[in-house]
Amino acid sequence: MLTPRLAGSRLSLARALVLWGAVILVAIVVVALRLHDVAERHLEEEALRTARGWAQQVGRVVPQSASLFGPAPPPRALLPLAGLRGATGIYAFRLHAPDGRLTLASEGLPATPEALTVARVHELASGRSPHLVELERQPDERAAVHADVWLPVHADGVLLGVAEVRVDLDEAAAVTTRSAVRAASATFAGLLGVGLAGLLLWRAYARAERSARARIDYLDQHDPLTGALNRESFVAALRRAAARGGGHSGVLCMDLDRFREFNEWLGRGAGDSLLRQVAARLRATVRSGDLVARLGSDEFAVLADTGDADALATLAQRIVEALRQPYEVGGRRCEIGASIGIALHGVDGQEADRLLQHADLALARAKGDGRGTFRFYDARLDDELQRRRRLGVELRDALADGALVLHFQPLMQARSGLVVGYEALARWPHPERGWVPPASFIPLAEQTGLIEDLGAWVLRAACREAARWPAPLGVAVNLSPAQFRRDGAIAEVVSVALRDSGLAPERLELEITESLLMARTEPVLRALRELRGLGVSIAMDDFGTGYSSLAHLWRFPLDRVKLDREFTQSLADDAKVGVIVGSVVSMAHALGMRVTAEGVETEAQRQALAAHGCDTLQGFLLGRPAPPDRLPHQSPNEALV
């Protein structure tokens with residue numbers, strides 16, 4: 001039987017334990033709430049930082065970004081905007097004009113009441129609120145944790161409109177959750193004692209906050225896709241290096257060659273995988289002390305810890321060689337190169353922005369010189385860039401005004417000497433520059449995004465002209481890989497050109513290059529089958545150069561192979577060339593294809609190609625490109641004289 005004193009002692013102990021348990025429970029609840037608040041705040045900060053970065057990049061990757069907030073944004077504006085999704089954490093967006101009108105939207109955002117939308121747009125556009133962030137833990141199709149961020153979009157200090165974006169916060173939420181779990185575990189260990197519990201709780205909380213802050217700081221300074229420095233961090237590092245002076249640094253700016261086509265053909269996932277591999281190769285190639293950054297979609301930069309031109313040339317060549325090696329992407333072997341521009345601190349500029357600008361100019365020269373190479377900045381590049389920009393504007397105006405013309409070069413039957421058709425070639429008679437060479441304005445059209453419009457114009461004009469010729473004279477038209485970017489688009493353009501001109505489909509031949517067949521195989525095959533279904537024929541142009549593969553002859557629906565002019569020019573100098581020509585002709589004929597040889601300039605070449613079995617010939621010996629009114633008006637049964 002317990003004595004009253006012992007019973008009272010045990011009761012006091014029980015009360016103390018209960019009180020102690022309550023204190024610990026309250027402490028745990030308070031800490032849990034604090035950790036929750038910290039986690040929510042960190043997630044909101046991460047969402048806002050990501051949204052601001054996305055809004056800043058819109059102006060960089062979208063030409064004439066103000067048009068996105070206009071009454072009728074161009075459909076192609078969605079392509080570069082789509083390239084900013086995923087890699088930046090943005091996977092859905094809406095763009096609103098300052099008056100609240102919706103101008104452009106992606107899929108994936110639920111509807112917002114119109115009155116609420118207008119009120120928010122007006123609030124942000126007026127500057128009463130700098131931004132709005134709504135954190136959601138209700139999962140959608142993409143993310144379990146996400147945030148809707150509303151913020152104004154400016155360009156050169158001018159308000160363009162308001163963007164509403166949805167940010168994927170799964171990764172950031174996982175980081176904060178792990179930190180909170182560690183903090184909670186440490187809190188429970190605090191039951192061992194008041195002092196130890198408080199110490200462990202405080203240390204766990206401090207570690208959690210430091211970890212979350214470190215993660216946010218890392219994401220604020222690095223590209224989340226590749227782990228390389230982002231543009232802001234790279235510019236800051238370049239400014240610090242420039243402030244030290246002494247000419248001890250160099251800037252290398254680089255673009256991946258043909259990445260846009262690669263990304264559009266194989267998909268964003270394959271493009272992201274390729275970018276990660278490129279960044280890894282860059283880090284493995286540069287030297288200790290050099291910094292690697294990703295400046296944009298396929299734009300990378302290196303801040304080299306040397307100002308020696310020879311050392312920078314060696315580094316640039318190593319990078320070119322490393323990046324041109326094959327990649328494995330989604331089980332597919334792919335090749336892609338890089339072009340590099342170099343600027344030296346103290347030689348090409350003192351300020352960071354100036355150095356980047358000059359490195360970009362040198363990069364433009366490297367791309368213009370054939371890609372897959374590097375060039376140093378030259379002060380003359382400024383004048384060249386301005387000239388090319390003016391020429392690009394003039395080309396756009398010439399295309400809009402119908403100032404371009406077509407010339408036609410005859411295609412002659414090898415054995416009989418009969419003209420069987422003509423190849424249509426675009427020409428630009430400039431009022432001040434004279435005849436601008438196609439080698440100048442065709443690449444310019446590709447770089448400025450005019451190539452699809454130019455290609456469509458050539459098709460329409462060539463079909464209209466050929467419809468006036470006596471049947472069965474045909475016309476051959478070159479197609480650019482850019483015309484195959486959108487599924488079904490090229491077939492529609494060809495169909496409309498045939499219908500409007502009245503030209504019989506069997507009189508139209510479309511010439512493609514082998515580079516088109518190197519990637520996005522299935523969509524290209526579908527497009528070629530659609531074209532064949534219209535009744536036109538398909539020819540592979542410049543066969544025997546670049547990435548030539550005999551597999552293309554049987555895998556793709558081709559009607560003709562056009563041997564590159566290099567074979568024709570080398571016939572007299574190398575007997576092996578004749579063997580190659582004869583083999584290609586025999587194989588093509590066995591597969592039911594015809595063969596055309598380009599670049600015929602001498603009678604000996606004509607006779608040799610005819611002896612090897614070529615079906616048709618083309619070259620200056622047989623006729624130079626000429627306007628329609630100077631073509632030989634002959635019946636298709638009359639030999640070319």
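Trainee: Over how many bridges do strand β1 and β5 pair, and in which sense?
Mentor: In this predicted model, strand β1 covers residues 90-96, and its pairing with β5 is antiparallel. One position that shows the pairing is Ala 92, whose bridge partner in β5 is Arg 166. The sense is therefore antiparallel, and the number of bridges between β1 and β5 is 6.

Trainee: Which strand is joined to β5 by 10 bridges, and which residue of β5 stands opposite Val 149?
Mentor: The strand with 10 bridges to β5 is β4, made of residues 146-155, and the two run antiparallel. Within β5, the residue that stands opposite Val 149 is Val 165.

Trainee: Which residue takes a positive phi in the hairpin of β4 and β5?
Mentor: The hairpin leaves 2 residues between its strands. Among the residues of this hairpin, the one with a positive phi, near 55 degrees, is Asp 156.

Trainee: How many residues of β5 are buried?
Mentor: Strand β5 runs over residues 158-168 and is mostly covered, while it pairs with β1 through 6 bridges and is joined to β4 through 10. Of its 11 residues, the number buried is 8.

Trainee: Is Met 587 buried, partly exposed or exposed?
Mentor: Met 587 has its place in helix α18, residues 575-590, and it forms a nonpolar surface patch with Trp 554 and Leu 591, the three together having about 330 Å² of accessible area. Its relative accessible area is 36%, and because buried means under 20% and exposed over 50%, Met 587 counts as partly exposed.

Trainee: What distance separates the end C-alpha atoms of helix α14, and what span should its residues give?
Mentor: Helix α14 has 13 residues, 489-501, and at 1.5 Å a residue these should span 18 Å. The expected span agrees with the distance between the end C-alpha atoms, which is 19 Å.

Trainee: Which residues of α14 are buried, and which residue just after α14 takes a positive phi?
Mentor: In an α-helix, residues three or four places apart point the same way, because there are 3.6 residues a turn. The buried residues of α14 are Ala 489, Ile 490, Ala 491, Val 494, Ala 497, Leu 498 and Ser 501. Just after the helix, the residue with a positive phi, of about 80 degrees, is Gly 502.

Trainee: What percentage of the residues in the protein chain is buried?
Mentor: The protein chain has 19 helices and 21 strands, and it exposes about 30900 Å², of which carbon and sulfur atoms supply 54%. Of its 641 residues, the buried ones make up 48%.

Notes:
Residues numbered from 1 in each chain as written. Predicted model: local features only at pLDDT ≥ 70, side-chain atom pairs only at ≥ 80, totals over all residues. Heavy atoms only, no water. Buried < 20%, exposed > 50% of the residue type's maximum accessible area, 1.4 Å probe, protein only. Helix = DSSP H or I, 4+ residues; strand = E, 2+ residues; numbered from the N terminus. Pairing = 2+ DSSP bridges. Patch = residues over 30% accessible without salt bridge, like charges linked within 9 Å, V, L, I, M, F, W, Y side chains within 5 Å. Areas by Shrake-Rupley, 256 points an atom, 1.4 Å probe, with all protein chains shown as cover. Salt bridge = Lys/Arg side-chain N within 4 Å of Asp/Glu carboxyl O. Expected span 1.5 Å × (residues − 1).
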